[in-house]
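Welcome! Take a moment to look over the structure below, and then we will walk through it together.

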Number of protein chains: 2
Amino acid sequence: MSDTRELLLDTAERLFAARGLDAVSLREITAEASANTAAVNYHFGSKENLIREVISRRMQPLNEERLRLLDAFTAASHGASPTLPQVLYAFVHPVMEMMTSDPAKGTPFVRLMTHIHATPGGVSAAVVADMRGTIERFIAALSGALPGVDLREILWRAHFATGAMAHTASAAPLLEAFSEGACRFTSAEELSTRLVAFLTGGFRADPKKLKIHQRPRTAKKVSSL
Amino acid sequence: MSDTRELLLDTAERLFAARGLDAVSLREITAEASANTAAVNYHFGSKENLIREVISRRMQPLNEERLRLLDAFTAASHGASPTLPQVLYAFVHPVMEMMTSDPAKGTPFVRLMTHIHATPGGVSAAVVADMRGTIERFIAALSGALPGVDLREILWRAHFATGAMAHTASAAPLLEAFSEGACRFTSAEELSTRLVAFLTGGFRADPKKLKIHQRPRTAKKVSSL
DNA sequence: GAACGTTTCAAACATACGTTTGATTCAATC
DNA sequence: GATTGAATCAAACGTATGTTTGAAACGTTC
């Protein structure tokens, strides 16, 4: 096996994440990888295939680790359903781990995924299809951890949670800049805890008990007389 | 004033959102708008200026509406700090309103913002700079609604919340497809309520009380003897 | 060490891009 | 109705893109 292939994947991933998929040319990738201009087309066939490989190379082990954690929690509680924080932790932590342990590889990937989420019709459909099994396992686990909650409600909240996680990772520099360095990606464990706490609170909230507009506004009218 | 300008903005917004910034050429935009190839460069100077205008055209009234709501809540409570749900509602609702009232315009814009969030270094910095005033007002409002909570913690949670909101809007089709039509963008009020409830729960959660890994595992060892 | 499949290479391919140009049309003003 | 400034137009500019090509270099295998 040539290591040019791996080198191309690494370089592509890094450049893609830094400036988006279309902003990076194959020439740039091959140049930075000290390879020939034709290298990408030789090893992957096309730019699109390169992109697919870049994604699936990280997505696959990521989802495996997620399911492994989910299984571990189930085993630890002697077969009972994992708790809500556990399910969320299994979903979130592998991503945070990827971000902190090797930001040079994690950041690109997560940012890439965000780009893809917001670009429907392209590679997006294929990626989601690949994840379908994992997603369904997690939806089932969430249902188990939240008995009595409507499936539709769970799907909505899972959607919110996915967004929080994705944005947290992909737009991290924005927060770091805005907070003037106060909010930084350091420990994966700390970050996961913080995020899981937030999401757990969100999943347990009851929309019916929410009060936004104060109801008793009649008193106001009286006092102005 | 020529209406070619407006038409170009509309067309650009729509195409950009559908396929990303770089994937759409000026020729495509001008062709679809039945304008000349040089029209964009005449009216806006460059493609980047076009992008800036596309964004700020929607971002400005959006942020004005957000602040208007925040002020309205403050006034309604006779000058007291708005409650947490109120602050979140003011931040979130104008976006949901935009999405539901005219999806053909709202979806493109939100998706565009997500693209920009995940592409650091480009237009991103300028956009965030434009929003700085609005952001600071909301951070202050959140601090007021959450007395005793560390500013750093508030910034993290605001980051999570932004992600949930952005993803909710920009990746809406993914959820609709996955739920087989069960989760759809219908009423802005319903959607805002659902999201605000989730975020309120998240903001009020205490990370210190979170239990993920069960602590007393010593009993296990004993039982296996 | 000859023959082989794999990998690399320099060079060129056709195409598409953002932008510029200079002429032309148009509506309003004097 | 001539003049003026804004708007549109067809055409071309230079550059960069993804991809293809055919020859050269490489490492194995017999």
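## A helix to start with

Let us begin with helix α10 of chain A, residues 188-204, in this predicted model. At 1.5 Å a residue, its 17 residues should span 24 Å, and the end C-alpha atoms are indeed 24 Å apart, so the two values agree. How many residues of α10(A) are buried? The count is 13 of 17, so to speak of this helix as mostly covered is fair.

## Chain A as a whole

Stepping back, chain A contains 11 helices and zero strands. Read from the N terminus, its elements run α-α-α-α-α-α-α-α-α-α-α. The radius of gyration of chain A is 22 Å, whereas a compact globule of 225 residues would have one near 17 Å. Along the principal axes, the C-alpha trace of chain A spans about 80 × 55 × 35 Å. Of the 225 residues in chain A, 40% are buried. Among contacts in chain A with a separation of 6 or more, 70% join residues that are 24 or more positions apart.

## Two copies, face to face

How is chain B related to chain A? A turn of 180° with a shift of 0.1 Å along the axis lays chain B on chain A with an RMSD of 0.3 Å. That is the relation of a two-fold axis.

The contact between the chains takes 54 residues from chain B and 54 residues from chain A. On the side of chain B that touches chain A, the elements giving two or more residues are α5 (84-101), α6 (103-117), α8 (151-170), α9 (172-178) and α10 (188-204) of chain B. The largest share of that side comes from α8(B), with 13 residues. By class, the side of chain B that touches chain A has 27 nonpolar, 18 polar and nine charged residues. Because 100% of the interface residues of chain B are also interface residues in chain A, the copies meet through the same surface.

## Around the DNA

Next come the two DNA strands. Around DNA strand C there are 17 residues, and T4(A), S25(B), L26(B), A38(B) and S46(B) come nearest. At least two residues each of this surface are supplied by α3 (39-43) of chain A and α2 (26-32) of chain B.

Around DNA strand D there are also 17 residues, of which S25(A), L26(A), A38(A), S46(A) and T4(B) come nearest. Here the elements that give two or more residues are α2 (26-32) of chain A and α3 (39-44) of chain B.

The table sets out the two surfaces.

| Surface | Largest share | Classes of residue |
|---|---|---|
| near DNA strand C | α2(B), three residues | six nonpolar, eight polar, three charged |
| near DNA strand D | α2(A), three residues | six nonpolar, eight polar, three charged |

## Two residues in loops

Finally, have a look at two residues of chain B. H78(B) lies in the loop between α4 (47-76) and α5 of chain B. Its phi is positive, about 55°, although H78(B) is not a glycine. Is H78(B) buried or exposed? With 7 C-beta neighbours inside 10 Å, H78(B) counts as exposed, since a residue with 12 or fewer does so.

E180(B) sits in the loop between α9 and α10 of chain B. This residue, too, is not a glycine, yet E180(B) has a positive phi of about 55°. E180(B) has 7 C-beta neighbours inside 10 Å and therefore counts as exposed.

Conventions: Residues are numbered from 1 along each chain as its sequence is written. Chains are lettered from A and ligands numbered from 1 in the order in which they are written. This is a predicted model: local features need pLDDT of at least 70, side-chain atom pairs count only at pLDDT 80 or more; totals for chains, interfaces and linings use all residues. A residue is near a molecule or strand if its C-beta atom, placed from the backbone, lies within 6 Å of it. Helices (H or I, at least four residues) and strands (E, at least two) are DSSP runs, numbered from the N terminus. Ala, Val, Leu, Ile, Met, Phe, Trp, Tyr, Cys and Pro count as nonpolar, Asp, Glu, Lys and Arg as charged, and the others, Gly among them, as polar. Copies are superposed by least squares on the C-alpha atoms of residues with pLDDT of at least 70 in both. Two residues are in contact if their C-beta atoms, placed from the backbone, lie within 7 Å. The expected span of a helix is 1.5 Å times one less than its number of residues. A residue is buried if 20 or more other C-beta atoms lie within 10 Å of its own, exposed if 12 or fewer, and partly exposed in between; C-beta atoms are placed from the backbone. The radius of gyration is taken over C-alpha atoms; the globule rule is 2.2 Å times the number of residues to the power 0.38.
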